[in-house]
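Hi everyone, thanks for coming. I'd like to walk you through one structure today, a few features at a time. Let's put it up on the screen.

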Amino acid sequence: MEMEMAKEMETSNIQIDLGNLTAFDPNHRFQSIPSNRDELVKECLNKGTELVQEIVNALFTLPTTEDIDGLIIKLPQPTTKLPREKPLPKPKLPTKWELFAQRKGIKNRKKDKVVFDKQTDTWKRRYGYDRVDDVTDIPIIEAKMTDEPGEDPFSKKDKEKKKRVGKQEKNRLQNLKQAAKVGALPSHVQLAAAGLPITGTHKELPKKMSKEELGDVAGMAAASTASGGKFDRKLPGEKPVKNRGKHRKFPPVVEGKGAGNQEKQQADKILKHLLSKDSHEILNVNKAINMTNLKGEKKRKRARKESFSTSSKLKSKKKTFKKSSNKGK
Amino acid sequence: MLKVKTPKNHRALRELEKHAPKLVENAKKTLILQGTKTSGVLKGLLAEIHHLKKGNSIRYTRKNDNIRPFESGGETSLEFFSLKTDCSLIVFASHSKKRPNNLVLGRTYDHHIYDLVEVGVDNFKPMESFLGDLKVSPILGSKPLFAFIGEGFENVEELKHLKEVLLELFRGEVVENLNLSGVDRVYVCTAVNSNTVFFTQCAVRGLKKSGTAAPRVELTEIGPSMDLVVRRHRLPNESLKKVAMKTALDRSKKKEKNILRDAVHGKLGKIYIPDQQIGGMTLTSDVKGLKRERREAKKNFPASKKTKLDSP
């Protein structure tokens, strides 16, 4: 059938692309271009009818299926090559774990979503809200021999969990960074410090200023006028410029009630804050040990130096003493 | 420090996935817009193109004073609009003394201009003017046929280019299965001379309808009909073309399993019922329909509903 079709096309020299339902007659030439528009249209339609007939004939040679809606024809792929709209998507990059698992031959096993909880004798979720073995459900954790005394086991478990979550988050970011390097970032993820458009292939666009940033710039510009922007004509909706650079206030030093007391209160507050913040770190043990060690070492050094300098004077004496003793033997 | 930004809701996620590059692409969307000055002819034409491509085109109606597709720097906002609307076909209309009734047809690749063809529109006849002698109107959005006539489409570079762009603009979605009753219109493009193309749309009517043999067809002009005079054109960069023409070569089709087709019964399917998974059963607390109040109410007055039903 295809052979026949090809033959037919050759004889009539009409190029047919059934995927796009197009027919092209490259050999047609007007004998004389009709000056009258109606005639031109008529001639074009005649030729068009011919071509459409060719397409329809070709369509009827294709395999068909009957449907309630009508006759359905299976079309081939288009032969006319047309450009893509966007580049080909890059395949997903395997994560570090996936690479490792592949190397070691580790395979994923499906786990049940719900697990039997022995403590409550019910079925519970493996992960998430109201899960099995949740720390918040257990009133008492039995102590073990290895436990450190004075440590809260609940907060310890909590900390460990937070650590695990943090580590996973770090790994995820690392994997995404690797993917971004190759340009295989998932379409919905954006890795950026600033507002880049997520669509397309991550093209950079100038960042729009926020309302506050614009206000800041306006304030800076206003500062250059003689009045510091005080008498500038305001735009509708423009807020008065924040006058910056005057934060320090000097309350009266003389003691008294109200404002007089303010200075003392301020100082108290700062002191209290400092003390309460570092109350447990007032003594830096490491530093203290270092200091004492250093001191001791210095002391010993000095002592050795002194002994060395004094012994040099006594050396000859010692030697003579030694020698004499030898002789005595 | 890098931050991972992901869409906050599922609707946004879906939208982003629509915009993402795909192995098998969906139909290209068209952006229809105009410059500072537009003639009545062009406005009518843009409206008709928008109508013909309904559902797959976006019409901008404001004036755009900084779009000059052929000049360097004049395509910036066009590319931005393409990115914003996710359109890769562009129809831009402008009217000036130097180039009256000017229509720029362009394509983008990765939201950058890929190629451009500029045509002047002459002898425009809108669809309305053909309404009188219309017997059957084609369905909106049906897959059109194309008839390209004339050696100009092969010999002249501009026309060859225009042919490809016109095909891309009007062909619609690539389909695998075609309903024969949906074959109802054809775009007839004739290369009249080396720079003019007569373009029109016709309705297709089969004179003899039978299941096996091909019917004889008849065309009736339904418009829009016009002459397109090619002015400027810009072909794609050779290296860019190479990249853009890449296709997914090994598009392995998924094997159809457990489906049989029978002449008598039609489509038949085989169903395997997997083992019942007790582990995946919903917990009692998961059932949203059973609110606590209602459950308690039921406990307290178990027959209240029944009596209500019985009373009338």
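Let's start with a single residue: where is the place of A:Thr61? A:Thr61 sits in the loop that links α2 (37–60) to β3 of chain A. Before we go further, please keep in mind that this is a predicted model.

Now, is A:Thr61 buried, exposed or partly exposed? Its relative accessibility is 29%, and partly exposed is the class between 20% and 50%, so A:Thr61 counts as partly exposed. Twelve residues along the sequence from A:Thr61 is A:Ile73, and the C-alpha atoms of these two are 9.5 Å apart in space.

A:Ile73 takes us to the strands. In β4(A), A:Ile73 is the bridge partner of A:Thr64. β3(A) and β4(A), which covers residues 71–74, run antiparallel and are joined by three bridges. As a quick reminder, strands of a sheet pair through backbone hydrogen bonds, in either a parallel or an antiparallel way.

Which strands make up the sheet here? The order is β3(A)-β4(A)-β8(B), an open sheet of three strands with antiparallel pairing. At the edges are β3 (64–66) of chain A and β8 (177–179) of chain B, each of which pairs on one side only. From one strand to the next, the twist averages 30 degrees.

Let's step back to chain A as a whole. It has seven helices and seven strands. If you read along the sequence, the pattern is α-β-β-α-β-β-α-β-β-α-β-α-α-α. Chain A has 329 residues, and 21% of them count as buried.

Over in chain B, have a look at helix α5, residues 157–170. How far apart should its ends be? With 14 residues at 1.5 Å a residue, α5(B) should span 20 Å, and its end C-alpha atoms are indeed 20 Å apart, so the two agree. The buried residues of α5(B) include B:Leu159, B:His161, B:Leu162, B:Glu168 and B:Phe170. Just after this helix, B:Gly172 takes a positive phi of about 80 degrees.

Last stop: the second largest pocket, which holds about 880 Å³ of space. It is lined by 28 residues, and the closest to its centre are A:Gln77, A:Pro78, B:Arg171, B:Val174 and B:Thr247. What is the lining like by class? There are ten nonpolar, six polar and twelve charged residues.

That's my tour, and I'm happy to take questions.

Note on methods. Residues numbered from 1 in each chain as written. Chains lettered and ligands numbered in written order. Predicted model: local features only at pLDDT ≥ 70, side-chain atom pairs only at ≥ 80, totals over all residues. Heavy atoms only, no water. 1 Å grid on protein atoms, 1.4 Å probe; cavity = no way out; pocket = protein on both sides within 12 Å on 5 of 7 lines; lining within 4 Å. Points joined across faces, edges and corners; volume = space filled by probe spheres on them. Nonpolar A, V, L, I, M, F, W, Y, C, P; charged D, E, K, R; others polar. Pairing = 2+ DSSP bridges. Helix = DSSP H or I, 4+ residues; strand = E, 2+ residues; numbered from the N terminus. Axes fitted to C-alpha atoms, helices over the stretch in contact; angles between N-to-C directions. Expected span 1.5 Å × (residues − 1). Buried < 20%, exposed > 50% of the residue type's maximum accessible area, 1.4 Å probe, protein only.
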